[in-house]
Every structure is written in C-alpha cells, then in structure tokens.
Amino acid sequence: MADAQSRPEGSRGLLWTGVTVVYAAIMLFPIFWMASMMVKPNDAMFARPTQWLFVPTLEHFSYVIEHGFHWYLLTSFLLCTVSTALVVIIGTPAAYAFARFEMRAKDDLFLFILASRMAPPVCLVIPFYLIFAKVGLLDTFLGLTLAYMTFNLSFYIWVLRSFCRDLPVQLEEAAALEGWSKPQIFRRVVFPLLRNGIVATAVLCFIFAWNEFLFAFMLGGRAVQTLPVSIPKLITSQGVRWGEMAVVGMTALLPVLAVVFVLQRHIVRGLTLGAVKG
Amino acid sequence: MSSIAFVSVSKRYGDVDAVKAFDLSCAPGEMLALLGPSGCGKSTTLKMAAGIESVSSGEIYFGDRPVSGLAPGARNIAMVFEDYALYPRMSVWENVAFPLKVRGITGQPAAQRIGEVLQLLGLRQMAEQDVSGLSGGAQQRVAIGRALVRDPEVILFDEPLSHLDADQKVQLRAEIKRLQKLRQVTSILVTHDQTEAIAMADRVAVMNHGVLQQVGAPQDLYERPANLFVANFIGEPPMNLMKAAFAGGGRVVGGGWSATPDAARLGVLTQGEGAIIAGIRPEHVAVNPPEMPGEAQGVIVYREPRGDADVLTVALGTGDGGGEKLIAEIPGPSPWRAGDRVSLGLDVKSLLIFDAATTRNREALQ
C-alpha cells in the first residue's frame, strides 16, 4: 500500500514528485538560510546582491562559546528533562485515577485541572511572579521547574486520561483475578500498554517547555537562563549579532528534531491511539 | 469443586439499587445461567462473585467459605470476558501460561498442563501465534484455556459469545458446555440471549431490574413461568398475553376468544381477586379452516415464513381490527396466507393465568 503510493506511475507521479520537492524546498529554505548564517562572515551577512559563495567562518561559534551560551543549553536541557520527568511521574497515576476510579466531584476536579491553561500565559505570569517573590522561588531552578509543571501537568493528565480510558478494563480485572495487587497491575499490565501514549505526550510536554520564553524570562531572572531567553542577549549595543543568533537558534532546534526522530515510532503509534486494540 | 451461594446479596450505586436481596445457589459442577435484559444486574452479580465489585450487603459463599471480604485473587476463580481480555503482544501459549506464571508454576509441570489445555481446545497448532491476529472464536478459546489451566473452583462467563459470528457462536457454545461437563467446574454464565442460556445451562436464573424473577431448568421456565416478565422474556416468538376474565362455568373469556381449562386446575386458577391476563405460547395455537369449531375465529393479517415453521399473526373476531391479535406458530410451509379466515384451537392445557396486578402466575409455587 505504502509502496504503491510512494511510487505512482507515469507523468502524474513525476508531477507530484515535483510539487513535493518544491514544497519541501519552500519549507526548508529558512532552515537552510539559518544554517548558512551560522558560518557566514559578518560582512557577507546582508550583502547585496546575496553572496551565495563565501569563505566559511567559525567566529560565531567561538563568540557563543566564549559568552557561555553552552551553559544556557545545559540549563534548558536540565529544566525540560526534570520538569517533564516529574510531570510523567505525577501525571500518569493521576490520569489513570481519573480514567478508572470513582471519586467525589470527579468531573469538577478534572475541569479544575485544566484551569491553569484557561487563561493566556501572560495573565498568569504576574501572579506567578508575585507568589514566587514572596516564597523565594524567583530566580531558582526549582521555581521554574514548578512553573513548567503546572501547565504541562494539566495537558499531560488530559491527554493521558483518554489513553487510559481506551485500555480495556477487563485486562485489569483478569489480572486481579490472578491475584495481582493494584500496584502490580498498574506496573505490569497498564504501564506497558500505556507506554506509547506516555512517550508521545511526554515529548509534547518537553517541546512546550523547550520553546517556552515568557515564564523563563520573567521567573528565571539572571540565575536561571534558558536558551530561548539567551537569544535577546545577542541584540547588543553594537548591533544585532545575526550569525550568533543563527548558531543558538540551530542549537535550540536540533534536540527537538532528534527527540522526535528517535521516538517517532512511539509518537505515531501513540497519537493514533490504536496501539492497544487487538 | 465448590458450590456457590448468594445470600440476600445487594448492590447499591448511590441511590440506584443494581441488585436487590439476591438469593441463589449453584451446586458443585453445575452450570447456572443468569439471564436478563441489559441493565438487569446480572453482570454486577457476576462481578460481585468475582470480587471485582464489592457487595453492599449480604454474603457470597464458595462452599461454606464466605468470600465477600476476599480479594479477587484469593477466591480461586477464573473469568471469561465478553471481549476476551487477552494480554496483547503475547502468544497463545504465553497467555495460557500467565496464570501459572503468576503462581510461580513454571518448567515441566506448567508446560504439561498448558499442553493439555491447548490440546483440549484445539489450539495446539497456533500456540506460538500472537493472539491479536486470531479470529474472535479462537481468541475466546484462548481465554477459556487461560481460565481452565489452573483448575479454578469456579469459572465465571461474562457474555462470552456476544462478540462472535453466528457460526462460531454455535460451535463455541457446544464446546464450552462439553468442557464444563468434562472438568466438572462450577460455572456461572451471564447472558442476555435465551438461546445461549437454554443451550448451555443446567439451570437458568432470570433477572429483571436487579431482582431475581425465577430459577429453574430451562423447560420449567418455559412451561411454568413464575410471572409475566419471565413468560414474555423466554420463548421466541414470545408468549401471547391477553386481558381476560372468568365467566360462569370456569370459562376464561378474552377479546374475541374463550376457553375452558381443565376442571382440575380451576380451583387454583380462580383463586385471587382482580383482573387476569391469560397467556398461551404461539406453538400451542392450532390453525384450522374456519368451518371447524375452535376457541376463536379470526383473519390472518401477517404470515412470516421461517422454513420449518410459519408464524401467523391473527386478528381475532371479524378482522376489522377491533379484537386482540394472536400469534400462532405452526409447522411450515403451511397453505395459509394473509387475509384467510381461520378457526383457532387453543391448547387449554397450556393456557396460563396471571394476576394482572401482581403479574404472578396463579399456578406458580410458593
């Protein structure tokens, strides 16, 4: 099926291939441009007419390293990993509980969980700032982790609950009849079936956190600076450092691409929701 | 093997009574069917026996052991589910091996038992296949294998055949019954399909609105339904139920018909006050040419040929639509067509009398 579609016959196929190539070229051009800017000398950056050929330079890379941008990359990476891991650890049992257990005012609670995403982030950042200032979480790694968790956790629980509801409850009942306890059933029956859903949802949470600017900018301060927050530093009093910006931007792009590429199988299976049904 | 007894078991969800004061026992090695329309509480009853649902009040005994406080795993029961509930991404063998593995039985003793069970169910050749690729019937056979492999005291079947194609249904029905008799496992079968219940079970318990209506051998339910619900629920096409009254001389008179039951039964039938409803099964209505004497005269309004039988709907009286409609099932193909005038012979021995107010069969025991 897939083979037949990827190799249609005759001139129609050729036409489609052409359209696809053009489309891909349009989509990829900005990324190609950014990549070329990484190694473009400053005087060729905005030359008219455009200089397609130039002697590549590594000066932008050395500037970025000299000014410690790799530390921002590390901060971003740690922050996103830790907050996403916590979201998975806390959110998976929560989503399962919402899907399976009877509790008082379940629907109200479930809606309340979404409340943190009901207002635009910019409305929430001020109360966050005031609260964090009071309790001393401003400019701390912990504070930013908590902030990221609040909005990712609600998303995660909402999405994962539907994965949980798609699991046939009889599987758990059958395992209970074999004498397994609830935690054993969760770990050995539910978790393996949920794995694709967990991976897919966690990747989305990671990407949200990775690209987040506003909260990192407002709550991280000088002490905790993430990669998106570091980019404005390249707008200096001597002008905008375009080459360095391209280097940082590309660096921010790659981990996301890598994660999606490596986990593609899980993500597609997870997002189609059909992985569990036999 | 052990018996099962429900002693005034109830289940409440908030304000809803799903099961009310349920009393029932099932002898060792017996197969009992819980039959009823959806929402009648039969599955809840089964789940309480399994321990998946808790009991609101009352007690369930396996043998003389009360089990309502025990976890599902401590009850030594197995369950076969409507949608098989096999572990995906495991082979047939691994699925059947699972209950043994959980109990720490592995190696040669396990392999031998699994082999036996697979042999019994004709699953030997597909032992290594992934279960998700199998047909519904094969998947359910694997689930039955998983239930049998550890010799449980009780097997609970929760609508095991409802997702299967007609031919697989008939095949597996016979197979379940054969295995159950072979292994002498006490079993409860939940179903909404009376054919299934009657074909597989030694006794059938009919439930409605969380209340047990009647328990008995299939033939008993058929011939002596305890009330209008059972009379109407068991049998296809359903029993004719008609408003009636006693006239002089022990005659029962309805809209366009009258019949006289045996004098011997009259004593019981006429006991009680108030309106009555008379019931007669379609196959106990004989259809004759109009000049013959009969309990009713009428006009055929509809004929449903079923190959070996014809199901005729007859409007009593002159056929102007004023009288009752009666359904007759006669050997087919018959010469009768819609519009024919006929004389109906009601088999008075099989005429049942129900109290309209209590819906109870006046001849029901107790």
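Biologist: Which element of chain A has the lowest mean pLDDT, and which the highest?
Modeller: Helix α1 (residues 2-6) of chain A has the lowest mean pLDDT, 46, and α5(A) has the highest, 94. pLDDT is the predictor's confidence in each residue, from 0 to 100. Helices (H or I, at least four residues) and strands (E, at least two) are DSSP runs, numbered from the N terminus. This is a predicted model, where local features need pLDDT of at least 70, side-chain atom pairs count only at pLDDT 80 or more, and totals for chains, interfaces and linings use all residues. Residues are numbered from 1 along each chain as its sequence is written, and chains are lettered from A and ligands numbered from 1 in the order in which they are written.

Biologist: What is the mean pLDDT of chain A?
Modeller: The mean is 87, and 93% of the residues of chain A reach 70 or more.

Biologist: Where does pLDDT stay under 50?
Modeller: Residues 1-5 of chain A are under 50, and the model has 0 contacts for them beyond four places in sequence. Residues 274-278 of chain A are also below 50, but that stretch has 11 contacts beyond near neighbours in sequence. Two residues are in contact if their C-beta atoms, placed from the backbone, lie within 7 Å. Where pLDDT is low, the predicted coordinates should not be read in detail.

Biologist: Which residues of chain A does UniProt list as "transmembrane region"?
Modeller: The unreviewed entry lists residues 14-35, 71-97, 109-132, 138-159, 197-220 and 240-263. UniProt positions are in the numbering used here, feature names are shortened, and annotations may be inferred rather than shown by experiment.

Biologist: How much helix is in residues 14-35, and how much in 138-159?
Modeller: Residues 14-35 of chain A are 100% helix and 0% strand, with end C-alpha atoms 30 Å apart. Residues 138-159 of chain A are 86% helix and 0% strand, and their end C-alpha atoms are 30 Å apart.

Biologist: What about α13(A), how many residues does it have?
Modeller: Helix α13 (residues 242-262) of chain A has 21 residues and reaches 30 Å between its end C-alpha atoms, close to the 30 Å expected at 1.5 Å a residue. The expected span is 1.5 Å times one less than the number of residues.

Biologist: Which residues in α13(A) are buried?
Modeller: Gly243(A), Glu244(A), Met245(A), Ala246(A), Val247(A) and Val248(A). A residue is buried if 20 or more other C-beta atoms lie within 10 Å of its own, exposed if 12 or fewer, and partly exposed in between, with C-beta atoms placed from the backbone. The cover over these residues includes α2 (10-38), α4 (59-66) and α5 (69-100) of chain A.

Biologist: Switching to chain B, how many residues of chain B are in contact with chain A?
Modeller: 19 residues of chain B are in contact with 12 residues of chain A. On the chain B side, β6 (77-80) and α2 (92-102) each supply at least two residues. That side divides into 16 nonpolar, 2 polar and 1 charged. Ala, Val, Leu, Ile, Met, Phe, Trp, Tyr, Cys and Pro count as nonpolar, Asp, Glu, Lys and Arg as charged, and the others, Gly among them, as polar.

Biologist: And α4(B), mostly covered or mostly open?
Modeller: Mostly covered: 11 of the 13 residues of α4(B) are buried. They pack against β6, α2, α3 (107-120), β7 (154-158) and α5 (166-183) of chain B.
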